[in-house]
Structures are given as structure tokens and as C-alpha cells.
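Me: I have a protein chain and an RNA strand open on my screen, and I'd like to learn how to read them. Could you walk me through it?

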Amino acid sequence: MGASQPAPPQAAAPPPARVVTRFAPSPTGFLHIGGARTALFNLLFARHHGGDFRLRIEDTDRARSTEPAIAAILDGMTWLGLDWDGEVVYQFARAARHAEVAHQLLAAGHAYRCYATPQELEALREAQRAAKQPMRYDGRWRDRTDFPNDQPYVIRLKAPRDGSVTIDDLVQGPVTVANAELDDMVLLRSDGTPTYMLAVVVDDHDMGVTHVIRGDDHLNNAFRQLALIRAMGWQEPAYAHIPLIHGSDGAKLSKRHGALGVDAYRDEMGLLPEAVENYLLRLGWGHGDDEIISRAQAIQWFDLAGVGRGPARFDMKKLESVNGHYLRAADDARLVALIAPAMATALGRGLTDAGRDLLRRSMSELKKRASNLNDLASGSLFLLRSRPIPMDDAAAKLLASAGAALLQAARDTLAGTSEWTAPALEHEARGLAEARAVKLGQVAQPLRAAITGAAQSPGLFDVLALLGRDESLGRIDDAIAHLQQERATA
RNA sequence: GGUCCCUUCGUCUAGCGGUCUAGGACGUCGCCCUUUCACGGCGAAAACACGGGUUCGAUUCCCGUAGGGAUCACCA
């Protein structure tokens, strides 16, 4: 600790404070996957300790902050169920309070006016760069009192110059930085607005934040923020700096591999929020061999000590796999509702109640064959198509090589079944295959093509049962008619 | 470049001095199930970055090297 550190405010231990964490995104873009994970960890930690999870929008940069970005962040948080406590705090609205603290520091002698111009500082940096010296403010106004009257000035923190500061980071462990490495940061700009460094510290303090959990790109900032906290004599929060997420190639996450808004994971990739949450939780944190972890279990198990110290790579394949798991576990009616819009678009018409009911009844089979909602929707389309349904190339080939005669025989056999159920239909089909001394597949594949328009589908007899007698027979008739017409024109 | 952080299968991770012939998951490959595709089941290949220490004993502790990352604004 530096010799010039002020004494801790209270020697007596304060009562065990209620844990308060916060997620503080700046609304310059959308809520990306890394931010979502940071928010998740903050939420889980707070809930684990029965505390509060707050949300603060860091919109002090007026030029870069936008309304749509704020809306997108709130939307993304809501979708993922990252429910925050209390009101959202907008940092810009607190600028007066921030300035007040800066002036308080100035009055107490913990801060000073600096009249160096931006050009002057740029020249300083240039000289340092040329001399291969570390680039930092040299404190030229730190002890001066000959202030010009009409010149603009900034307020800088008079930070300790000797000694060092150690942060016992809850993820990174003890990290020590010499005070000589830190320069006197700007608290209040010459236009009177607060800098980020000032704003975070004041807001965290005023919001009662006890644990600052954020990306490790802020680790270096923590030391300067701590100097400010100590100058004010405030209670120091605990810090936890979690590693950033990297792209699949190990480079910093970019548009190419995953650094999209979470809305893209929902709207474009068709992922379920609980799957994204589970994947994010496991990215950088583990609990033994557990992979599928519910929110309730996560709250019970989550701890900062379990967070890895190295950056993790984003792996879309695994996310899809986790999504597939949650898709299969999801409620059928919910899935129907989720894919209905996309299906209506593909079909060019809205879904009828009968159509929705058919989807719901088929869902247990459909969802086993999809790992995201897009595939689920496209894989379900054949059920709702209007006759005659379109054939893909594989299906057309299957029908052509089978021939109309076989289809007709199959149609007659199926039509003769006493009850239109999957077991009964399968029994009939097997009987036909046996009578013709062919494998079941010889009969089933052409039928599948006629019924679904594809070479792959859920179990054929389940589909027949689901579609019903009239629709099924009708589709087979369509295929037969098509084959005969082709032969006639050939 | 200065400072700080990190390093177990391709990827996410378990491991917190002997239980490691290093476990799980995704991916890959093979087999089974089977009317197709999936789901599911079984199995295989696949890792402690390197070099020094400390120790009776290092994946586990310490120090280097290499590699990776973060950060050095009147941005956040």
C-alpha cells in the first residue's frame, strides 16, 4: 500500500452487506454474447447470495449512445431472462452528482486543476513515444497554484505516486500494480462533464455495489478506480474480472464468429434462450462433469472461484448441440408458437387451427430431428403443404424408380386397413413387402417420397397416422397421377 | 514498446502433490438400433506448451522461455 493512502473510513466491521452486483453496458451497439455472459454471471452471483442484480446504462458518451441500442440491450436481457432488480440507472442523468464528487475531491486536495491543452498533451505523448518512454501524463499541474483565470481546465485525481496497490481479484487472484505506473486521470472534462472513470466509481458507490464482476479488459482500470475510491474514503467493492470470449479461431470475437447481437441468436439462428444461457454458463465456468444445468441449479452452484482465468473460444457447434437438447425438452405447444411465423411465411398463408394442432401432435417426432428452430420449421413444412406437394430431387428419383404400379399396390393395401393407426399401417406395409418378396424399405421409401416429398422424414407410419387417411391417400394418388402423366408425355 | 493477465484432447472443461494407464461434453471416426433421417446406446482416436527448480513424489507449487490476451484518451 502507498504511504499516502488515506486511512480506511471505518475500522469497525460493517454489518454483512447485502450483495449487490450490476451489469453496466454502454449503449453504443447491441447486447453481444460476451456482454450477455457478463450479465449472466452477475445475475447468478447476486441470486446465489440472495442479493440484487442491477442494470446501469453507461450513456455518458452522448455522441455514441443511441436509443435503438438501449432498446436492443433491454430486449436481449429480457429474452435471456436476465431480470434485473429495481429501476434501470441511466448514467448521463447523474452527471451533476459526478461533478459534485469531482469538486469535493478538489476541495479536499485529492484532485487538482490541470490547464494542459489537448495539443500540449499530444505533444507530450509524442515525445514519450519517440523516447520509448511509457506514455502517461507527467503531473505538470499537480502542484501548481498559478491558475490562469480564463482558461479551460480539467480536474485530475491526485493519485498516490509511491508504493503499489494489490487487488485480490476473485477470479484472477492477487494482482499488484505499482502506483508509479498510473498517472493522474481526468475526472471532469474541460466542458464540465464527467469521465467514465469518475462515473463508474460514483455510480457503483451510490448504488451500493459490493461486487464488480466485469470483463478483464477492465482489470487495469480497477487500480485507478481504487485510487479514486480511497480518496473519497468509500467502501471498496470486491472485484472479479472474467476473461473475454474469443472467436473460434482464437482471435478476439468479431462479427465473423459470434459477436452478434443476442437478437441474432434468436431471430437468425433460431436458438432457445435457455440453451444460450446454458452454453454461456459453461463457457468459462464448470461444475464437475455437469453440462446441462438449469437456472435454479446454476444459482445454487455458481461461484466466482469456478470461473476460468483464460479466454474461452466460442463454439457454434456446441451451442447448437445444447440447443438441440433444450429443443427436445421444450414444450410442444411452445415450439409450435415459435415456428408458426416462419412457417406461415414459407407457406405464403397463415396457419389454421387444424394445422397448428397437427404440428403440435407431430412435434415429439419433429423436434428430435432439429437442433434449432429454423430447421424445425423447414422440417415441419411438409405436413402443412397443400396438395399436390412439391417433390425434392431425391424424392422424385425414388418415385420414378418405384413406378406407379407399386405405389398403386401400396395405396390399395393401406386403404384396406381396418384402422388408420401407425401399428396397423406398418403391419399392412410389411405384409405387402413380404408378398412381393422385397424389403420393407422398397415399399416404404417410395411411399415416404409420395407422402413427404423428401427421402428423409420422421417415421413414415407415424406421418401417415398423423396426416390422416384422406390426406395420405390423396398424396399417394397425386404421386401416381404424376408418374402416369410423365409416362404419357415421354 | 511499458504494465497486467492467461496456457490440460481440435473446442469447452474436470483435476485443487500421490486416487492420472489424465475424467466428461461438443466435434470426428466405427458399431448397434432401424423403413429414411434423426434421437438413443456402445466403442475408438485425441491433451497436461517448453526448460529449470522445490519435493520421497509434480498436471497440480515456484522461476524462466515461448505463445496468446488485455490495457496504456478531456472513449466507455
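Reply: Happy to. Let's start with burial: a residue is buried if its relative accessible area is under 20%, and exposed if it is over 50%. Keep in mind that this is a predicted model. By that cut-off, 48% of the 490 residues of chain A count as buried.

Me: What radius of gyration does chain A have, and what would a compact globule have?

Reply: The general idea is to set the chain beside a rule for globules, taken over C-alpha atoms. A compact globule of 490 residues would come out near 23 Å, but chain A has 32 Å. Along the principal axes, its C-alpha atoms fill a box of roughly 105 × 50 × 40 Å. The secondary structure amounts to 19 helices and 12 strands. As for contacts between residues at least 6 apart in sequence, 76% join residues at least 24 apart.

Me: How do I check a helix? What span should helix α1 have?

Reply: Take 1.5 Å times one less than the number of residues. Helix α1 covers residues 33-48, which is 16 residues, so the expected span is 22 Å, and its end C-alpha atoms are indeed 22 Å apart. Since 14 of those 16 residues are buried, α1 is largely enclosed by the rest of the structure. Just after α1, G50 takes a positive phi of about 65°.

Me: Which residue other than glycine has a positive phi?

Reply: Look at A437, where phi is near 60°. A437 sits in the loop between α16 (422-435) and α17. Its relative accessibility is 69%, so it counts as exposed.

Me: While we're on the backbone, which peptide bond is cis?

Reply: Check omega for the bond from R387 to P388: the value is near -10°, and the bond is cis. P388 belongs to the loop between α13 (373-384) and α14 (393-402).

Me: Now side chains. Is W285 buried or exposed?

Reply: Compare its accessibility with the 20% cut-off for buried. W285 has 2%, so it counts as buried, and its place is the loop between α8 (273-282) and α9 (295-301). Leaving out residues up to four places away in sequence, W285 touches F41, I293, W301, F302, D303, G306 and V307. Of these, F302 is 17 residues away in sequence, with 8.5 Å from C-alpha to C-alpha. The side chain of W285 also makes a polar contact of 3.1 Å with that of D303.

Me: Which side chains make polar contacts with the side chain of Q91?

Reply: For a polar contact, look for a pair of N or O atoms within 3.5 Å. The Q91 side chain has one with the side chain of E58 at 3.3 Å and another with the side chain of D203 at 2.8 Å. Q91 lies in the loop between β3 (89-90) and α3 (95-107). With a relative accessible area of 0%, Q91 is buried. Beyond four places in sequence, the residues it touches include R56, H98, A199 and V200.

Me: Where is L473, and what does it touch?

Reply: Find L473 in helix α19, residues 469-489. Its relative accessibility is 5%, so L473 counts as buried. Neighbours within four places aside, L473 is in contact with R411, A415 and W420. The C-alpha atoms of L473 and A415 are 7.4 Å apart, though 58 residues separate them in sequence.

Me: On to the RNA. How many residues surround strand B, and which are the closest?

Reply: The idea is to collect each residue with a heavy atom within 4 Å of the strand. For RNA strand B that gives 62 residues, the closest being R189, G284, K368, R430 and R448. They divide into 20 nonpolar, 19 polar and 23 charged. Helix α17 (residues 440-452) gives the most to this surface, with five residues.

Me: What part of the RNA faces the protein, sugar and phosphate or bases?

Reply: Of the strand B atoms within 4 Å of the protein, 68% belong to sugar or phosphate, and the rest to bases. For individual pairs, start with K368: a polar backbone atom there is 2.3 Å from a sugar or linking oxygen of the RNA. At R313, a polar backbone atom lies 3.0 Å from a phosphate oxygen. N220 uses a polar side-chain atom, 3.4 Å from a sugar or linking oxygen.

Key:
Residues are numbered from 1 along each chain as its sequence is written. Chains are lettered from A and ligands numbered from 1 in the order in which they are written. This is a predicted model: local features need pLDDT of at least 70, side-chain atom pairs count only at pLDDT 80 or more; totals for chains, interfaces and linings use all residues. Side-chain values use heavy atoms; hydrogens and water are left out. A polar contact is a pair of N or O atoms within 3.5 Å; within protein, one must be able to donate a hydrogen and the other to accept it, and residues adjacent in sequence count only if both atoms are side-chain atoms. Helices (H or I, at least four residues) and strands (E, at least two) are DSSP runs, numbered from the N terminus. Ala, Val, Leu, Ile, Met, Phe, Trp, Tyr, Cys and Pro count as nonpolar, Asp, Glu, Lys and Arg as charged, and the others, Gly among them, as polar. Buried means under 20% relative accessible area, exposed over 50%, partly exposed in between (1.4 Å probe, protein chains only). The radius of gyration is taken over C-alpha atoms; the globule rule is 2.2 Å times the number of residues to the power 0.38. Contact means heavy atoms within 4.5 Å.
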